[in-house]
Number of protein chains: 2
Amino acid sequence: MNSNDPSSEFESISNNHHLSSLPSSSITEMQGIKKVLTTQSINPNILKTSYAVRGKVVIRANQIEHELKTNPSAFAFQDIVYCNIGNPQQLKQKPLTFHRNVLSLLTASHWLEDSSKKELLSQMVNRDVLERAERILSNIDSKSTGAYTHSQGYEFVREDVAAFIEQRDGLKKGTIHSDRIFLTDGASPGVQLCLKTLIRNDQDGIMIPIPQYPLYSATIDLCGGSQVPYYLEEESGWGLTMPELERAYEEATKKGQNVRALVIINPGNPTGQVLERSHMEQVIQFCLKKGVVLLADEVYQENNYTNGKKPFYSFNKIAYEMGVEKQLEMISFHSVSKGFTGECGRRGGYFQLGEAVDPAVKEELYKISSVNLCPNADGQIMVDLMVRPPAPGEASYEEYIKERDAILNSLKRRAEKLVKMLNSLEGVSCQPVEGAMYAFPQITLPEKAIQKAKELGMAPDLMYVLELLEQTGICVVPGSGFQQKPGTHHFRTTILPSEEQIEGVVDRMAKFHAKFMNQYK
Amino acid sequence: MNSNDPSSEFESISNNHHLSSLPSSSITEMQGIKKVLTTQSINPNILKTSYAVRGKVVIRANQIEHELKTNPSAFAFQDIVYCNIGNPQQLKQKPLTFHRNVLSLLTASHWLEDSSKKELLSQMVNRDVLERAERILSNIDSKSTGAYTHSQGYEFVREDVAAFIEQRDGLKKGTIHSDRIFLTDGASPGVQLCLKTLIRNDQDGIMIPIPQYPLYSATIDLCGGSQVPYYLEEESGWGLTMPELERAYEEATKKGQNVRALVIINPGNPTGQVLERSHMEQVIQFCLKKGVVLLADEVYQENNYTNGKKPFYSFNKIAYEMGVEKQLEMISFHSVSKGFTGECGRRGGYFQLGEAVDPAVKEELYKISSVNLCPNADGQIMVDLMVRPPAPGEASYEEYIKERDAILNSLKRRAEKLVKMLNSLEGVSCQPVEGAMYAFPQITLPEKAIQKAKELGMAPDLMYVLELLEQTGICVVPGSGFQQKPGTHHFRTTILPSEEQIEGVVDRMAKFHAKFMNQYK
């Protein structure tokens, strides 16, 4: 919980008990037996951690969903639209056909050893699906995705990731080494491992953007470190400014904190901005000057809706072009959950250690990864398919390109539609969604609404969002869950409802908003 | 690292640097830039963590494997036999056909929506495979395993797990609630989450068996807690004795530690013993009397080779039969990686919170689980298939039973063969393998060998195991990696090499051992 933002304390996922104010009923002396697992006696870092994306609002949405199953007319809507989380396939985005077909054949790899089954399969999938499955199997010693892999993940996948990075960033072949790639169960466990490695005690500070994706605040709290918030500038489309980075750093240092790392999310979550190249260069210089590690969250790198006006650049590319790759301690993160792959349920991802990261620390990261044995094999293979999709000339290439473009073009249309609608509402302003999967509008709430929220003991935007849920079935996350400038209110909604759904969502949001503003006028 | 066992310090997975003895070369001031990520400056709990199962010996085995690829005659053997880890499918155990077929159809669920493809599928798989895939899909709102699930895992899987526990333990339907089940990416992350919740600081002690599976020691170190070792009695087949539990508890308490939990691994890893029911009752009474949480690692519950002489009982069952389920704070762990499922690469598992665990703490566990969003969906489905296999009368039932029995009977034969051979060697004694997947023989090493190891600065059993690897290609783990009584030496080997392989493994081990004993006579 960020002490700079008192409203965030209302956004705990559950009973975020303060140690001093526990109801005596929940506790300890029961039939003479002293309990260990009570909210008074477990690790206090667990208690203080907040995670809003699956917090109070979502728990209520789940309850409503259950109620609707037994009583479909209990609410003014038939179902919940989950706009709280970037979960494309929950909102009907289709998986990529090639990727799923290959993964399916690897799961039932005994089919490939049986000529009659293989013959039937050749009627079901493109030729290159079979070839790809066989290529992957030839790279797996055990010939089975049911065996533990190397703790950093399959070597062939890490080699494909390295080649992908080289090609994406215009680097010479052989620049990126596969032993600097760690495959992970989604990007989140990678972020957690790196923060755990960086944080020694509460004097260790990690710079995070405000607003931020709460994975960062939650993990910092869980590791017992300190959040060092820097504010993005909403008026300039959630821009990053160097004076603000300097201010945050200086303030933390003055308080005696060791600033250990700087988190940059690009494209931004929840804010949707794409970083300018010149700003990225300044960020790198800042990290070098201050001696802080750059943690580059680049999971939305494929989600760019600027028509080439603001292309995505990786920090890795910029570091090489500035010639500082051997000085800049950088770790960058990617995932199969976002982009147009959208395979959240697979839990696949990777992180890349920059050249400047000490090999001895890499060994420590390997050791800690090995305590979990390995990331799941299917997620690893999905990473491989993401970084090595069908190539031009292969049988599935056209289908792949068609599916990819359909998803990305549709996301762009939906983003534009949503932002336009939001900006048409009284007291709402929404910055353009240049990338990622979210809009993060500011809502100017009537004084009466703020008073009411105060009486209810909740953050005003949490109250707004809960009423939106109860009246429309649309589930979004209050801005307080991401932290925000004191006195401002926001919510985050994904742009993911399907094209058929989004009109309805836009309509229900607008009607609710008008009613809400009227009610508290 | 257990301070009671000085030999274990040699078994770090990598450079387990002591902070005071770092080579100045690995560090900090490089071109004037102060680095953050160095072994002098990262979280010291990371440095002190050891994890031998994928440690020094395995890293050397990987190197040899690479060397053999370019120069097949570089060693006296053609390939490495990985007996260091319970990884059945790496050693050619076949996956269960029904399970893989269902999972494959769920991955390519678009096939099920296409009548011509469904027709082809019906020629490839049994009818109940299609039915099961459709049943599972009907339980997934998004109709896709590519969406994030509930942070505790799919509700229908948790319901099936609850029903499985009720049936296994002879409990009335409705006794176990699905909201007390947490699905996890294998058992390990569940254990880590629970230990993280229990441990507040280095005064918090966790009782662990010696020898133990190093997941426990590693996680305790990583969380900054204290290991409280209790020794299993090798002479009585690695038996658990109450006086030893009392001794360990009292000693820790006298040192000012708060003993928070007791870890029991049943069947034992690395020791292979199955607990007697009467001992389990005493353990439960111990936990109730002392007020410590029981962490029951029951991942090998299906691996029992005693022909019904010592059946497996879950601690959950015993707690209910003793009528203490509302008093005993218990968490038990299970996995798809072991048993006859052997799907390590899926990373599927679950933990069950006993009724006595405070609901407020359950909410905290949910919150922390949600920071990782969800366990991987395929692993969850593998859990479902494990707890709800084909039923009598279903088309795949006979095939399933045949595959299950073939695997378990073969494991039993291999365990017996290995133990017999080990006991025939000079200076080696091996307790019977009643369960799990490992033999843990004691080796009485010649004084000269111990001297040599001392000169090399390594634990004697590490030296033995490294020589075994170099000369035979067989990769096992030294006893020091699991901790052992000071002055004794062991190694752990899996019983998993296939029936064709195991003769050769047994033969190579025996020849090596004779040579080793002769060399250091």
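Biologist: In which sense do strand 7 and strand 8 of chain B pair, and over how many bridges?

Modeller: This is a predicted model, so let us take the two strands in turn. Strand 7 of chain B covers residues 258-265, and strand 8 of chain B covers residues 293-297. One bridge between them links B:Val263 to B:Leu295. The pairing is parallel, over five bridges.

Biologist: Which strands stand at the edges of the open sheet in chain B?

Modeller: The sheet has seven strands in the order 4-10-9-8-7-5-6, with mixed pairing. A strand at the edge has a single partner, so one of its sides is left without a neighbour in the sheet. In chain B that holds for strand 4 (181-184) and strand 6 (226-231).

Biologist: By how much are neighbouring strands of that sheet turned against each other on average?

Modeller: We take the strands of the seven-stranded sheet in chain B and ignore their direction. The average turn between neighbours is then 20°.

Biologist: Which helix lies across strand 4 and strand 10 of chain B?

Modeller: Strand 10 of chain B spans residues 349-353, and in the strand order 4 is followed by 10. The helix across them covers residues 359-371 and runs at about 20° to strand 4 of chain B. The element you are looking for is helix 12 of chain B.

Biologist: Moving on to the two chains together, what area is buried between chain A and chain B?

Modeller: The contact takes 111 residues from chain A and 112 residues from chain B. On the side of chain A, A:Leu37, A:Met124 and A:Tyr148 lose the most area to chain B, together 9% of what that side buries. Carbon and sulfur atoms give 56% of the total buried area, which is about 9400 Å².

Biologist: Which residue of chain B forms a salt bridge with A:Asp378?

Modeller: The count between chain A and chain B is two salt bridges. In the one with A:Asp378, the closest N and O atoms are 2.9 Å apart. That is within the 4 Å cut-off for a salt bridge, and the partner is B:Arg346.

Biologist: Which element gives the largest share of the side of chain A that touches chain B?

Modeller: Across this interface there are 54 residue pairs in polar contact. The residues on the side of chain A divide into 45 nonpolar, 41 polar and 25 charged. Nine residues make up the largest share, and they come from helix 12 (residues 359-371) of chain A.

Biologist: Which residue is the bridge partner of A:Pro478 in strand 16 of chain A?

Modeller: An open sheet of three strands in chain A has the order 12-16-15, with antiparallel pairing. Strand 15 (477-478) is one of its edge strands. Two bridges join strand 15 to strand 16 (residues 491-494) of chain A. The partner of A:Pro478 is A:Phe491.

Biologist: Which residue does a cis peptide bond join to B:Ile210?

Modeller: Most peptide bonds are trans. Here omega is about 0°. The residue asked for lies in the loop between strand 5 (204-210) and helix 8 (214-222) of chain B. It is B:Pro211.

Biologist: What is omega for the peptide bond from B:Asn266 to B:Pro267?

Modeller: B:Pro267 is placed in the loop between strand 7 and helix 10 (277-290) of chain B. The bond leading to B:Pro267 is cis, with omega near -10°.

Biologist: What phi does A:Leu373 have?

Modeller: A:Leu373 sits in the loop between helix 12 and helix 13 (377-387) of chain A. Most residues other than glycine have a negative phi. Although A:Leu373 is not a glycine, its phi is positive, at about 75°.

Note on methods. Residues are numbered from 1 along each chain as its sequence is written. Chains are lettered from A and ligands numbered from 1 in the order in which they are written. This is a predicted model: local features need pLDDT of at least 70, side-chain atom pairs count only at pLDDT 80 or more; totals for chains, interfaces and linings use all residues. Side-chain values use heavy atoms; hydrogens and water are left out. Two strands pair if DSSP finds at least two bridges between them. Axes are lines fitted to C-alpha atoms, for helices over the stretch in contact, and angles run from 0 to 180 degrees between N-to-C directions. Contact means heavy atoms within 4.5 Å. Buried area is the accessible area (1.4 Å probe) that two parts lose on being put together, summed over both. A salt bridge is a side-chain nitrogen of Lys or Arg within 4 Å of a carboxyl oxygen of Asp or Glu. A polar contact is a pair of N or O atoms within 3.5 Å; within protein, one must be able to donate a hydrogen and the other to accept it, and residues adjacent in sequence count only if both atoms are side-chain atoms. Ala, Val, Leu, Ile, Met, Phe, Trp, Tyr, Cys and Pro count as nonpolar, Asp, Glu, Lys and Arg as charged, and the others, Gly among them, as polar.
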